[in-house]
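Here are some short exercises on charged side chains, each with a worked solution. Have the structure open beside you and try each task before reading on.

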Amino acid sequence: MTGSNEATPPSAAVEDRRPWAERALSVMGPGLVTGAADDDPSGIATYSQVGAQFGYSLGWILLFSYPLMVVTQEIAARIGCVTGVGIAQNLRRHYPRSLLRLVVLLLVVANVINLGADLGAMGAAVGLLIGGPEHIYTLLFGIICVLLEVFMDYPRYAAVLKWSTLSLFAYVGVVFASHVSLRSAMTATLFPSFTFDAAHAMALVAILGTTISPYLFFWQSGQEVEEQHRRHVKPLCVTPKTAIAELSRIRADTIVGMGFSNLIALFIIIATAATLHAHGITDIQTSSQAAEALRPIAGVFTFGLFALGIIGTGMLAIPVLAGSAAYGVSEMFGWTSGLRRKPREARAFYAVIAVATLAGAALNFTAIDPIKALYWSAVVNGVLAAPLMAVMIMIAMNKRVMGRLTLSPAMVAAGGVATAVMGRHR
């Protein structure tokens, strides 16, 4: 009798038996997915180039960029959580329409180019692994990503995105499979050195432009709104009594998500530094080139891990790039939007996702040089990032928008520093 009274309730028993990874992921949200999506195939190409060209010496930039990423993404997330609408919708409500149109136009152009580069890298990675027509693989990845984003229920889709972040651990495996001297790598990372020349300056710009990108702002802000609808809670401007707990959750989620992002980026730099740079291979243009170059140096297993990581991160990044463009365009025109919506409820929103993704895939069938296209995408992102960061700070300081939950002076100062750094590096 007493034994039955003291038995653990079924729900608690299930909770206790869940794998540690599932329990950890269950408390994470938009910040984790946003951070992981930052390590897309284009980002992998950038980090691989830096590791191949400079060895371990520039890993410290990821420590430098980390607090800048955290404060910027936290501001974006706060805007969505407090107001209940995304960045573009707030611009539409409170600022000149000309500013909104310019921001969304630049966002869409940069995202489509980035989508093309990422899909092309995924197709090339499959070609390296099994051979066959890379362009067909590229198109298939685009179609698969569209179908998943449009037709999968949001709660399930959000869970898939969170679980997809585990694919980034492939690059941790690459480091350990490459027999890296972690002591040398950590020494170079923790004790910075920098040569003031054009090559090093360009590498600094490339890393900052890759880690702090406008599409991440729109995505995390939009996802906070999606999560409110999923959990059936109201925006914080309506329920300010819940603000302390919610803003603490956003901060923890963002700190972990951006930390995960930069840690994986650091592992990519370390892996390519220990292999490619050590063997005199210093010119890497794409992530698939990095994977192919690893094969004779680090072995088939390391090559396979790197290539699989490109595919896994691409499957995570493509929905984020397309989704952030769809949030921006839909909010600009006042269309019904959100991944929680059924396709018949948000036709225009899902149409933007499909058109952006397939337009990106189509770039791989043209004479456009994907490397040059990606360069111009980075330029557009660089032009857009600092002004958009300044606009987000203005929104988050505006009492008409945020009510009593405007940014603290410390957050304003930190956001100002991040904006100044991004404006300076353009």
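## Exercise 1: An arginine and its partner

Arg 251 is partly exposed, at a relative accessible area of 36% (buried means under 20%, exposed over 50%, partly exposed in between, using a 1.4 Å probe and protein chains only). Before we go further, note that this is a predicted model: local features need pLDDT of at least 70 and side-chain atom pairs count only at pLDDT 80 or more, while totals for chains, interfaces and linings use all residues. Residues are numbered from 1 along each chain as its sequence is written, and side-chain values use heavy atoms, leaving out hydrogens and water.

**Task.** Find which side chain meets that of Arg 251 in a salt bridge.

**Solution.**
- Step 1: apply the rule, a side-chain nitrogen of Lys or Arg within 4 Å of a carboxyl oxygen of Asp or Glu.
- Step 2: the partner is Glu 74, with an N to O distance of 3.0 Å.
- Step 3: place the two residues. Arg 251 sits in helix H15 (residues 243–275) and Glu 74 in helix H6 (residues 60–83), so the pair links distant parts of the chain, 177 residues apart (helices are DSSP runs of H or I, at least four residues, numbered from the N terminus).
- Step 4: check burial. Glu 74 is buried, at 3% relative accessibility.

## Exercise 2: Helix to helix, or within one helix

**Task.** Compare where the partners lie in the pairs Arg 249 with Glu 224 and Arg 230 with Glu 227.

**Solution.**
- Step 1: Arg 249 and Glu 224 form a salt bridge at 2.8 Å, N to O. Arg 249 lies in helix H15 and Glu 224 in helix H14 (residues 214–231), 25 residues apart.
- Step 2: Arg 249 is partly exposed at 22%, whereas Glu 224 is buried at 1%.
- Step 3: for Arg 230 and Glu 227, the closest N and O atoms are 2.8 Å apart. Both residues lie in helix H14, three residues apart, about one turn of the helix.
- Step 4: Arg 230 is partly exposed at 39%, while Glu 227 is buried at 11%.
- Step 5: widen the view. Glu 224, Arg 231, Glu 246 and Arg 249 are linked in a network of salt bridges, and the full count of salt bridges is nine.

## Exercise 3: Confidence

**Task.** Find where confidence is lowest and where it is highest.

**Solution.**
- Step 1: the mean pLDDT (the predictor's confidence in each residue, from 0 to 100) is 87, and 92% of residues reach 70 or more.
- Step 2: helix H1 (residues 2–5) is lowest, at a mean of 42, and helix H18 (residues 347–363) is highest, at 96.
- Step 3: where pLDDT is low, the predicted coordinates should not be read in detail.

Notes: Helix = DSSP H or I, 4+ residues; strand = E, 2+ residues; numbered from the N terminus.
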